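Q: I would like to look closely at one part of this model and then see how it sits among the other features of the chain. Please take the pair of side chains I ask about below as the starting point.

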Amino acid sequence: MLSTLRNIVQEVNSARDLQEALDIIVSRVQAAMNTEVCSVYLLDPETNRYILMATEGLYKKAVGKVSLGHSEGLIGLVGSREEPINLEDAPSHPRYRYFPETGEERFSSFLGVPIIHHRRVLGVLVVQQRESSRCFDEGEEAFLVTVSAQLAGVIAHSEATGAISGLSLTGEETRDVSFKGVAGAPGVAIGQCVVIYPPADLDAVPEKQTDDIAQELALFGEAVTAVREDIDRVSERLASQLRPEELALFEVYLRMLDDNALPGEVVSRIEGGLWAQGALKQVVNQYVRHFELMGDLYLRERAVDIRDLGRRLLAHLQADDQQDVVYPERTVLVSEELTPAMLGEVPRGSLVGLISVRGSGNSHVAILARAMGVPTVMGMVDIPVNQLDGKELIVDGFEGQLFASPSADLRAFYQEIYDEEAALFRGLEKLRDLPCETTDGHRVSLLVNTGLMTDVVRSLNHGAEGIGLYRTEVPFMIKERFPSEQEQREYYREQLEAFAPSPVTMRTLDIGGDKSLSYFPISEENPFLGWRGIRVTLDHPEIFLVQVRAMLKASEGLNNLQIMLPMISNISEVEESLHLIYRVYHEVREEGYDIHMPKVGVMVEIPAAVYQVRELADRVDFLSVGSNDLTQYLLAVDRNNPRVAQLYHSYHPAVLQALVRIAQDAHSVGKPVSICGELAGDPGGAVLLMAMGYDALSMNAASLPKVKSVIRSISQEWAAQLLEDVLLLDSPHVIKSCVELALRGAGFGRYLRPGKAAADTLSQNS
């Protein structure tokens, strides 16, 4: 059965449209199960009715004409129960619904299974048999369930393709077709889609021998030179928008084109007698397979870079004149795999949004998009790319959502958000130099999270009081080797000088999980529960010591450095880290540097640390909660995974209770506690955190003005009452709604992002 299933899936995947895919399904399943009838009913989201879309065994004239209400008949029962229904005598069932035009009165046995994709019922797959002929057994039921599960994604993709083309299942015009991915960079964009396809198809290259090795070597050498020039040109075009450390991402491409890297292996194969295109195909596919098999997310995504380079080299080898892409004034760039080089092809000022089928917030493109301030959605796995070119799109980088073929109402809805966002920041500029203080005099510090120098510039413009989290792994990630002590010192000095005399909290190297280094691979079954954060650097003190030494030397004359230790799970890790930090401090002092011993703190981001706050606080100067990871670990949800991202919720009662406990325990021993993460940058979350007693909130620069405006307009007493009310609730969605309702009542509705529910409601009402 496994080979049969594979053949069915492959055939359906190659179908030109939804109807052909459904016809293949009913034909192949009928044959595989040796049954008299196989039919597919799809649920039309416009009418909320099941429509007979394909059949083998019933009358063909009924296709597209027979429909049932959402809860009507056995089909509706299968869909509403979301489980198989297996009947030997279907006509005797009280929910049986007879349609003469189908001819199904001849059949008695009935087996129906739901077709479900990402919790949404798409339809029902049915097989039927004549009376007294057979009863479907458990094995057959299991097979049909397997077929349904395997084909659900294909059907969803085909259905979306039809919807984007402008037609629903009933042939009526569709609007506001939405897709959900992973937020890559915040913001809202409305623009015209430009789909970027790979410049050449490596898979189509035949492998053949050559009689002229010298000529093939010359052709390949010219291709390498041309691609190097292309990358240099793109880098130069982006030079005015990005800092040197961000532009260093393009060095990754150039290093791959070194003679002793990918080109060297291609040359070896050419010298062995292969023609250049075939040799390139072999080497690129080998590299891609190697990286895609790696368990680490960051390393897997390097396969994107390899594949992109291979296609560019092949395009030059084939001497294929590429047509110039026309970029409209407001371009939303879409591709199966966006690469940094693609961004540089768009004229400056025209790029307003990015959509990538593959990738996550950890990819090079997401890093650049955040630095450039371009709203981005990654991981759009169900999007039919080839149907989007030239269409108007709405990119919601806050919620990780895309809308195609938007209605006038939905377009106006998001245009208002875009305009309000721009006007809001213009209106909040006057708050930049004012303290973040409640109406009854309670003071809280607003800090920023940074990683690149562009974050610093934006933060200073928005009135940040210091850096609550500097991600030191960013300089490590944009290089092809560990940065030297001097290189690190220059990065750190730049951050420290920009904010002096305000504090700058630098987190020691936090790799592992979803952050890895190409030159220091960590391959694990479960990287989030493995070797990451302080565990790595304590196992490699040579890395830790060099980093701390660079931090201390960079702080000379400024003395605004604070060091923070990530992923602490026990006291011994803190004590060992402190021993190394004090050792470096004394060594640097002996070298003649006039420095002060920085404050040292720990991040509370593992559940174990929540219950050791008092013990940890006894050994360090401050604590800082990493709310993103803490939420992820408390809820056992990878928020970068589109399949479970909806379960990640910062307002979850367990998360809020943990945050309350941390603040109380830290203050009980007289130590300050701050928090960095998405919750701190959300106006409602910031109000709750202030009420809990957090001394400082650290967030992305864009959130600073909104949070400051809200806190300056409410009293500590009002916030405390809101916290007391929500801690009695047991649903994260109800808690969030309660907080938003309170903020709207206080006049802060303009600060709340509409989110998916609001957009969906508008879409349904339009």
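How many residues apart are Glu587 and Arg583 in helix H19 (residues 571-590), and what separates them in terms of helical turns?

A: The model is a predicted one, and in it Glu587 and Arg583 are 4 residues apart in helix H19 (residues 571-590), which means that about one helical turn separates them. An α-helix has 3.6 residues a turn, so residues three or four places apart point the same way. The side chains of Glu587 and Arg583 do meet, in a salt bridge with an N to O distance of 3.2 Å. Glu587 is partly exposed, at a relative accessible area of 25%, and Arg583 likewise counts as partly exposed, at 39% relative accessibility.

Salt bridges with shared partners also join Glu473, Arg507, Asp510, Arg532 and Asp629 into one network. Within that network, Arg507 and Glu473 form a salt bridge whose N to O distance is 2.6 Å. Arg507 belongs to strand E17 (residues 504-507) and Glu473 to helix H15 (residues 473-477), so this pair ties together parts that are 34 residues apart in sequence. Arg507 and Glu473 are both buried, whereas the two partners in helix H19 are partly exposed. A further salt bridge joins Arg81 to Glu83, with the closest N and O atoms 2.6 Å apart; here Arg81 is partly exposed at 46% relative accessibility, and Glu83 is partly exposed at 34%. The count of salt bridges comes to 27.

Aromatic side chains provide another set of pairings, and the count of aromatic pairs is 6. In one of them, the ring centres of Phe403 and Tyr414 are 5.6 Å apart and the planes stand at 45°, so the pair is classed as tilted. Phe403 lies in strand E14 (residues 401-404) and Tyr414 in helix H13 (residues 408-428), 11 residues apart, and the pair thus links distant parts of the chain. Both Phe403 and Tyr414 are buried. Tyr414 also pairs with Phe413: their ring centres are 5.4 Å apart with the planes at 85°, and because that angle is over 60 degrees the arrangement counts as edge-to-face. Tyr414 itself has a relative accessible area of 0%. Elsewhere, ring pairs link Phe476, Phe482, Phe520 and Trp531 into a cluster. A charge and a ring come together where the charged end of Arg330 sits over the ring of Tyr418, at 5.5 Å from the ring centre.

Two other helices can be set beside H19. Helix H23 (residues 653-668) has 16 residues and spans 23 Å from its first C-alpha to its last, which is close to the 22 Å expected at 1.5 Å a residue. Its buried residues include Pro653, Val655, Leu656, Leu659, Val660, Ile662 and Asp665. Just after H23 comes Gly670, with a positive phi of about 75°. In helix H25 (residues 683-692), 10 of the 10 residues are buried, so this helix is largely enclosed by the rest of the structure. Among those buried residues are Pro683, Gly684, Val687, Leu688, Met690 and Met692. H25 is followed by Gly693, which also has a positive phi, near 110°.

A strand residue gives a view of another buried position. Thr55 is placed in strand E2 (residues 49-56) and is buried, with a relative accessible area of 1%. A polar atom of the Thr55 side chain lies 3.4 Å from the backbone nitrogen of Leu58. When its neighbours within four places in sequence are left aside, Thr55 is in contact with Val26, Val37, Cys38, Ser39, Lys60 and Val63.

Finally, the chain as a whole gives the setting for these details. It holds 29 helices and 22 strands, and 56% of its 766 residues count as buried. Among contacts between residues at least 6 apart in sequence, 67% join residues at least 24 apart. The salt bridge of Arg507 and Glu473 ties together parts that are 34 residues apart, while the pair you asked about, Glu587 and Arg583, is 4 residues apart within a single helix.

Definitions and conventions: Residues are numbered from 1 along each chain as its sequence is written. This is a predicted model: local features need pLDDT of at least 70, side-chain atom pairs count only at pLDDT 80 or more; totals for chains, interfaces and linings use all residues. Side-chain values use heavy atoms; hydrogens and water are left out. Rings of Phe, Tyr and Trp (its six-membered ring) pair if their centres lie within 6.5 Å; planes under 30 degrees apart count as stacked, over 60 as edge-to-face and the rest as tilted. Buried means under 20% relative accessible area, exposed over 50%, partly exposed in between (1.4 Å probe, protein chains only). A charge sits over a ring if NZ of Lys or CZ of Arg is within 6 Å of the ring centre and within 35 degrees of the ring normal. A polar contact is a pair of N or O atoms within 3.5 Å; within protein, one must be able to donate a hydrogen and the other to accept it, and residues adjacent in sequence count only if both atoms are side-chain atoms. Contact means heavy atoms within 4.5 Å. The expected span of a helix is 1.5 Å times one less than its number of residues. A salt bridge is a side-chain nitrogen of Lys or Arg within 4 Å of a carboxyl oxygen of Asp or Glu.
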